Amino acid sequence: MSKRRVPSPQWLLVLPALALLTVILLVPLGRSVGRSIGAPDWTFEHYKALFTDGVTLTVLGRTAMTAAAVTVIALLLGYPYAYVMTRVGPRMRGLLMVIVLVPFWTSVMARNFAWILILQRNGPVDSFFQLFGLDVVLYESVSGVVVAMSQVLLPFMVLPLFSALSSIDRRLLLAARGLGSHPVKAFWRIYWPLSRSGVVSGVILVFTLSLGFYVTPALLGSPQESLVAQLLGQRTTQLLDFEGASALGMLVLVVTLVLVAWANRVGGTISAIGAVAATRTEGRR
């Protein structure tokens with residue numbers, strides 16, 4: 001007769017966290033799913049309306065383009081920054097890390113109102129372009145939203161990149177240089193593949209966070225160029241279309257989960273704070 005398997009007592013420590021997640025996440029999510037399918041009538045008309053109302057697809061496309069632009073800017077700025085962090089001494093690395101973490105220590109409203117002052121008419125950016133005879137006002141435009149979101153989300157790109165780049169053995173590059181490889185070719189054939197896990201994780205993390213941004217587009221953007229989070233807010237607070245808003249939220253959630261699953265498969269596991277547990281096996285081969 002086989003012995004009955006008794007759960008380990010350490011699993012009891014997980015129960016409070018699971019109970020909290022169930023109450024504040026799973027229960028509201030389940031209610032949203034029920035509303036999106038029109039329970040108890042069980043209809044998918046709300047999902048069908050997302051693709052036929054002539055507005056949702058435009059907003060989703062604008063949101064995807066904005067998130068892609070923010071991701072590209074964050075990658076172009078974050079990769080060299082993370083690389084420099086791996087090359088400097090401990091004291092300078094700590095200073096650079098503090099600079100990266102400053103956005104986390106600053107109020108969201110304070111950051112956005114600061115960007116309003118910078119980007120508005122007759123602000124520093126507008127005055128700079130006027131020196132060259134250009135009339136460029138980024139306030140209440142998608143371009144201004146992209147600039148502000150890139151600054152806010154840059155740490156979420158730098159942290160995974162720094163985690164991945166700091167694990168790369170630089171002696172591999174020295175060995176390639178010793179064998180006559182050009183520095184650019186050595187970077188592309190050796191350094192870049194080893195850092196790809198951090199790149200993929202940072203890209204997916206920034207992109208998915210950009211999809212659901214609300215405060216920055218609401219304050220710096222224009223109602224005529226709203227993003228998906230603003231559309232969700234409008235449907236729930238002004239139109240009281242909770243069923244349509246639930247369907248739109250579920251669609252965004254599915255897209256996000258697909259992207260995160262792909263990132264975990266290709267580039268490593270993304271943690272909650274933006275670090276990446278990069279796979280080390282390929283680096284040792």
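I took helices as DSSP runs of H or I with at least four residues, numbered from the N terminus, and with that in hand I looked up the aromatic side chains of this predicted model.

**Entry 1, within helix α9.** I found phenylalanine 187 and tyrosine 191 both in helix α9, 4 residues apart, which is about one turn of the helix. Their ring centres lie 5.7 Å apart with the planes at 25°, so I noted the pair as stacked, given that planes under 30 degrees apart count as such. I then checked cover: tyrosine 191 is buried at 2% relative accessible area, whereas phenylalanine 187, at 31%, is partly exposed.

**Entry 2, across the chain.** My search of the whole structure returned 8 aromatic pairs. One of these joins tyrosine 79 and tryptophan 192, whose ring centres are 5.8 Å apart and whose planes meet at 40°, a tilted arrangement. This pair links distant parts of the chain, since tyrosine 79 sits in helix α3 (residues 56-87) and tryptophan 192 in helix α9 (residues 183-211), 113 residues apart. For tyrosine 79 I noted a relative accessible area of 10%, hence buried, and for tryptophan 192 a value of 22%, hence partly exposed. Both pairs belong to one aromatic cluster, made up of Tyr79, Tyr83, Phe187, Trp188, Tyr191 and Trp192.

**Entry 3, the segment before α1.** I turned next to tryptophan 11, which lies in the segment before α1 (15-36) and counts as exposed because its relative accessibility is 56%. Trp11 contributes to a nonpolar surface patch of about 1200 Å², and I listed among its other members Leu12, Leu13, Val14, Leu15, Ile24 and Leu26.

Terms used: Residues numbered from 1 in each chain as written. Predicted model: local features only at pLDDT ≥ 70, side-chain atom pairs only at ≥ 80, totals over all residues. Heavy atoms only, no water. Patch = residues over 30% accessible without salt bridge, like charges linked within 9 Å, V, L, I, M, F, W, Y side chains within 5 Å. Areas by Shrake-Rupley, 256 points an atom, 1.4 Å probe, with all protein chains shown as cover. Salt bridge = Lys/Arg side-chain N within 4 Å of Asp/Glu carboxyl O. Helix = DSSP H or I, 4+ residues; strand = E, 2+ residues; numbered from the N terminus. Buried < 20%, exposed > 50% of the residue type's maximum accessible area, 1.4 Å probe, protein only. Phe/Tyr/Trp six-rings, centres within 6.5 Å; stacked < 30°, edge-to-face > 60°.
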